[in-house]
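Grab a pencil and work through these exercises with the model open beside you. Try each task before you read its solution.

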Amino acid sequence: MMKLTLFVLGLVVATTYSSSVYIEPQGKLADVDFLRRQKLLLELFIGLGNTEHFRNEYTEFDFKANIDHFHKPEVVNDFLEAYNHGFLPIDGIFTLFSRHTRNDTIKLFDLFYFAKDFDTFYKAASWARKHVNPLQFSYTYTLALLHREDCQHYALPPIYEVFPNYFVPADTLHQIFEAKLLGVKERKFTYNNTGYEYNYHEDMYGGPLDPDAVGHLEYKISYLREDIAANNWYMVSQLKAPLWMNPEKYRATYWHKRGESLYYRHQQLYARYILERIANGLPYVYPLNWNDPVKVGYNPRVVHFNGLPFYVRPDNLVPFETNKGQVKKAKLLEQRLYDAVDSGTVWEVSNSTLLPLKGDGGTDLLGKMVFGISGRPSEKYFGCYYCAALEALGLAVHTSSDHEYVGGALSNPVTALRDPLFYQWLGRLVRIFQYYKSRLPQYTHEELSFHGVNVKDLEVDKLVTYHDNFEFDVSNVVPVTDPKEYKDLRYYARQYRLNHKPYNYKLTVTSDDSKEAFVRVYIGPKYD
């Protein structure tokens with residue numbers, strides 16, 4: 001059991017001796033039409049990766065004959081031209097690092113997004129489900145469900161149930177396939193990702209018996225890095241606000257502080273990882289140095305839907321030696337960011353404007369430049385540091401074409417959180433923002449105080465954590481001759497996941513009058 005300390009930032013709407021109370025959101029009873037559409041939408045996720053036998057009445061939908069059913073007819077022509085020119089193969093590896101694949105993917109998303117009504121969107125999606133690479137389809141289809149106004153209230157399946165192969169170890173998948181071949185229709189497959197079960201041998205990717213492993217026993221917290229919900233969350237967060245998406249084109253709105261939100265998300269992820277290390281007696285994360293060996297190797301143990309494994313990174317790999325061109329690009333973009341921070345201004349080439357890199361919007365502006373958000377100033381000059389860095393680390397091995405991207409865990413946002421190197425790089429990314437903040441003026445007492453509001457008491461239950469089995473459906477990973485067979489399959493994987501016993505905290509606040517405020521609570525180990 002771990003002793004805790006809590007840090008509270010801000011306060012709630014408060015009157016004398018009040019406390020925050022959670023209010024259960026009110027639900028709405030779904031009508032028959034909503035349920036019908038929900039069923040149709042979920043059916044397109046069934047058997048993804050096994051497209052050969054998929055068919056419905058719209059799999060041969062004629063786009064040309066229905067071009068007037070799209071808000072922008074040009075999106076149909078642009079898509080068909082790109083598709084006929086050559087899309088990503090059905091069994092190809094989907095990655096947005098490929099410029100051609102990224103451009104084609106945006107054209108497919110536009111096709112979904114600019115459909116005038118739900119029926120047209122569903123027909124277009126049904127056609128794509130049959131004819132487009134499964135990962136490319138899943139990405140654009142999920143994007144459309146998240147961003148189309150007529151689809152935002154429908155439930156989406158977790159990615160780990162749509163593509164279990166990106167979460168479940170390959171040896172466990174072998175057991176699932178074997179069960180299917182033997183005619184077994186229901187079984188549970190338990191696997192252990194705590195790290196204690198597969199890193200036993202010395203000289204094997206940072207194993208605990210490796211004499212060089214002292215100081216980097218990363219296997220002790222692999223349960224956190226490989227947690228299916230954490231990896232699912234990171235991918236969905238990417239889908240909710242893709243870096244390439246210009247909100248003015250699709251939503252005619254502006255996403256508030258999008259750059260700052262991305263920084264906050266990654267900084268909190270980095271902090272959470274450090275807290276878990278402290279709780280397990282591990283040292284702080286050593287930030288990545290492009291020219292130094294990465295002491296900890298990593299074996300993802302997962303495979304792409306087409307069966308190709310993610311590359312294994314051996315111990316002591318030097319990024320600069322394995323991917324010089326991309327590392328040089330990442331270092332160049334990084335230096336330009338530091339130069340902008342030093343100057344305190346950013347030059348916008350498009351309208352010859354000097355933008356101040358300070359004040360309330362400074363962190364947001366820097367975030368847009370770091371993460372390469374669409375609409376950032378001087379896009380060509382600042383590029384996308386986030387993309388360049390992950391490409392340098394995730395694709396250390398060059399492939400023959402940009403349609404054959406096979407890399408390590410960092411080459412895919414679904415698997416990036418699994419790799420210890422991701423957090424070393426996060427240390428480097430966070431350091432850019434810390435450098436920027438170190439050059440800002442100090443907060444004044446007036447800016448940090450909350451006049452008339454006081455925290456009188458804080459009561460916290462003991463927090464007890466433990467590991468237990470979490471079951472999730474992996475039936476979607478096996479091929480079938482008739483999609484209706486999936487209804488009869490009951491394959492579940494069981495992952496050891498971190499859990500905790502229920503606990504409460506009570507914050508007592510006094511206030512001179514009613515005020516609007518915000519409570520933020522951080523929980524972590526009290527002792528290092």
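**Exercise 1. Find where Leu-354 sits in the chain, then decide whether it is buried or exposed.**

Step 1: Leu-354 belongs to strand β4, residues 353-356. Helices (H or I, at least four residues) and strands (E, at least two) are DSSP runs, numbered from the N terminus. Before going on, note that this is a predicted model, where local features need pLDDT of at least 70, side-chain atom pairs count only at pLDDT 80 or more, and totals for chains, interfaces and linings use all residues. Residues are numbered from 1 along each chain as its sequence is written, and side-chain values use heavy atoms, with hydrogens and water left out.

Step 2: Check the relative accessible area. Buried means under 20%, exposed over 50%, and partly exposed in between (1.4 Å probe, protein chains only). Leu-354 has 52%, so it counts as exposed.

Step 3: Look at its neighbours in the patch. Trp-347, Val-349 and Leu-354 make up a nonpolar surface patch, with about 330 Å² of accessible area together. Patches are made of residues with over 30% relative accessible area and no salt bridge; like charges are joined within 9 Å, and nonpolar side chains (Val, Leu, Ile, Met, Phe, Trp, Tyr) within 5 Å. The areas come from the Shrake-Rupley method with a 1.4 Å probe, and for residues only the protein chains shown count as cover.

**Exercise 2. Work out how the rings of Phe-79 and Trp-127 are arranged.**

Step 1: Get the rule. Rings of Phe, Tyr and Trp (its six-membered ring) pair if their centres lie within 6.5 Å; planes under 30 degrees apart count as stacked, over 60 as edge-to-face and the rest as tilted. A search of the whole structure with this rule turns up 45 aromatic pairs.

Step 2: Apply it. Phe-79 and Trp-127 are 5.6 Å apart, centre to centre, with 85° between the planes, which makes the pair edge-to-face.

Step 3: Place the partners. Phe-79 is in helix α2 (residues 73-86) and Trp-127 in helix α4 (residues 118-131), 48 residues apart. Phe-79 is buried at 0% relative accessible area, and Trp-127 is buried at 7%.

Step 4: Add another ring. Tyr-83 and Trp-127 have ring centres 5.1 Å apart and planes at 70°, so this pair is edge-to-face. Tyr-83 lies in helix α2 and Trp-127 in helix α4, so the pair ties together parts 44 residues apart in sequence. Tyr-83 is partly exposed, at 24%.

**Exercise 3. Say which parts of the chain the salt bridge of Asp-419 and Arg-313 ties together.**

Step 1: Recall that a salt bridge is a side-chain nitrogen of Lys or Arg within 4 Å of a carboxyl oxygen of Asp or Glu. That rule gives a count of 18 salt bridges.

Step 2: Check the distance. The closest N and O atoms of Asp-419 and Arg-313 are 2.6 Å apart.

Step 3: Locate both ends. Asp-419 lies in the loop between α16 (385-394) and α17 (420-438), and Arg-313 in the loop between α11 (258-279) and α12 (319-322), so the pair ties together parts 106 residues apart in sequence.

Step 4: See how covered they are. Asp-419 is buried at 3%, and Arg-313 is buried at 10%.

Step 5: Try a second bridge. Arg-428 and Glu-334 meet at 2.8 Å, N to O. Arg-428 lies in helix α17 and Glu-334 in helix α13 (residues 324-343), so this pair ties together parts 94 residues apart in sequence.
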